[in-house]
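Q: Here is a structure I would like to go through with you, asking of each label what justifies it. Please set each value against its rule before concluding.

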Amino acid sequence: PVSSRPAALIAATGPLACGVTCLAIPGPAGHPNQLNALGAGVVVCAFMCMRGRTFVAWVAFAAIVAVFGTWSLATGQGLYGLALAAPNLAVVGMATLFAVVVRPAAAVIREQNRESIREAQALAAANARAAERDERRAELRRVAWPILRHIASGQQFSGDEVHEVVLTEAQLRDSVRARAMALPHVVDAVRDARSRGVEVVVFDDGVDSAEASAHRMFCDLAVEWLGRVDGGSVTLRLHPPGRPVTGSIVVVSADGSSQRVDVDATGAVHGP
C-alpha cells in the first residue's frame, strides 16, 4: 500500500482538478472534453483502491461527486453534476472489489514465490555442502590414506617418510585455511618450497568477492615467488572483501630482509 501522506496527496489531485475545471466553466459544458478531469479523477481513485488505499479513494470520489454536484446547482443545471458523476461509481466499486478479493490472493502468491526461493536456496546450500564434503573426503583419502595405512601396519617411519608426513599435514591444513588457493599448481609450488626448507604460510579471508582475473594473477604470482625462494619464509594472503588489495605476498629472507608484493582488484601488481 502507498504510504498515508503520499496517498492523500495523490487522491487530492482528482477533486482539485475537477474543482479547477468547474471554476472555468460558468455554465453547461459546451463540449464533452471540457469534463475530462472527471474521468481522470476516477482513474486516480481506482488506482488508489488497487494500491490498498480504499478509504482514501472513496473519500476522493465523494469529493469529486460533491464538486460536480455543487457546480451543476450553482450554474442552474440542477442535479446534472450528480447524474454525470454517479455512473463512475461502478469503476470505483470494481477497483474496491479488486482490492478486497485479488490483493490478498496476490499477497499469498508472492509469499509462496518467496518461500519457493528460500527452499531453492536451502537446497542449493545443502547440495554445495554435500559436494564440498565429498570433495574433502576424496582429498583426505588421496592424501592421507597411504599414511594412515602405514601407521596401521605398525611399521617404523624413516626420516624421509616423517618429512613427507609433515608436508602432507601442512597441505591438509592449507586446504582448510586457504581453500581458495587449493589449486594444483599452487599446492605443488607450496609443497616444493617447504621441501626446500622454506616456511610457507597461506590463508585467505574471503576471495569470493574478488575478480577471477585478479585471483588468477595472484595465484600465478605466488607460484613464481615460491619458485625463487630457497630459505626464510613466505606468507600468501588473500584479503577480505571490499579492500583495494586482493592478495599480498610477503617474503622474509634468512637475514631478516623482507619484500612485499600486492595484487589489486584489477589484477595489477604493486611491489618489487
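A: Let us start with the salt bridges, bearing in mind that the model is a predicted one. Counting a side-chain nitrogen of Lys or Arg within 4 Å of a carboxyl oxygen of Asp or Glu, the total comes to ten salt bridges.

Q: What makes the pair Arg114 and Glu111 a salt bridge?

A: The cut-off is 4 Å between the side-chain nitrogen and the carboxyl oxygen, and for Arg114 and Glu111 the N to O distance is 3.0 Å, so the pair satisfies the rule. In general, side chains of opposite charge can pair when their charged atoms come close. Arg114 and Glu111 are both in helix α5 (residues 89-153), and because they are three residues apart there, about one helical turn separates them.

Q: Why are helices α2 and α3 called roughly antiparallel?

A: Helix α2 (residues 36-50) and helix α3 (residues 54-74) pack at an angle of about 165 degrees, with their axes 7 Å apart. Angles over 145 degrees count as roughly antiparallel, and therefore α2 is roughly antiparallel to α3. The crossing of these two helices, α2 and α3, is left-handed.

Q: Which residues make the contact of α2 with α3, and how do they divide into nonpolar, polar and charged?

A: From α2 the contact takes Leu38, Gly41, Val42, Cys45, Met48 and Cys49, while α3 contributes Thr54, Ala57, Ala60, Phe61, Ile64 and Phe68. Of the residues in this contact, ten are nonpolar, two are polar and none is charged. Gly counts as polar by the rule used, so Gly41 of α2 falls in the polar group.

Q: How do you know how α1 and α2 are oriented to each other?

A: The angle at which helix α1 (residues 4-23) packs with α2 is about 165 degrees, and their axes are 8 Å apart. Set against the limit of over 145 degrees, this value makes α1 and α2 roughly antiparallel to each other. The crossing in which α1 passes α2 is left-handed. In the contact, residues of α1 including Ala7, Ile10 and Thr13 meet residues of α2, among them Leu38, Gly41 and Met48. The residues of this contact of α1 with α2 comprise nine nonpolar, four polar and no charged.

Q: What makes β1 and β5 edge strands?

A: The open sheet has five strands in the order β1-β2-β3-β4-β5, with mixed pairing, and β1 (199-204) and β5 (269-270) each pair on one side only. Pairing requires at least two bridges; β1 is joined to strand β2 (residues 233-238) by six bridges, so the two strands count as paired. These strands, β1 and β2, run parallel, and Val201 stands opposite Thr235 in β2.

Conventions:
Residues numbered from 1 in each chain as written. Predicted model: local features only at pLDDT ≥ 70, side-chain atom pairs only at ≥ 80, totals over all residues. Heavy atoms only, no water. Axes fitted to C-alpha atoms, helices over the stretch in contact; angles between N-to-C directions. Helix = DSSP H or I, 4+ residues; strand = E, 2+ residues; numbered from the N terminus. Parallel < 35°, antiparallel > 145°, perpendicular 65-115°, else oblique. Left-handed = near helix turned anticlockwise from the far one by under 90°. Contact = heavy atoms within 4.5 Å.
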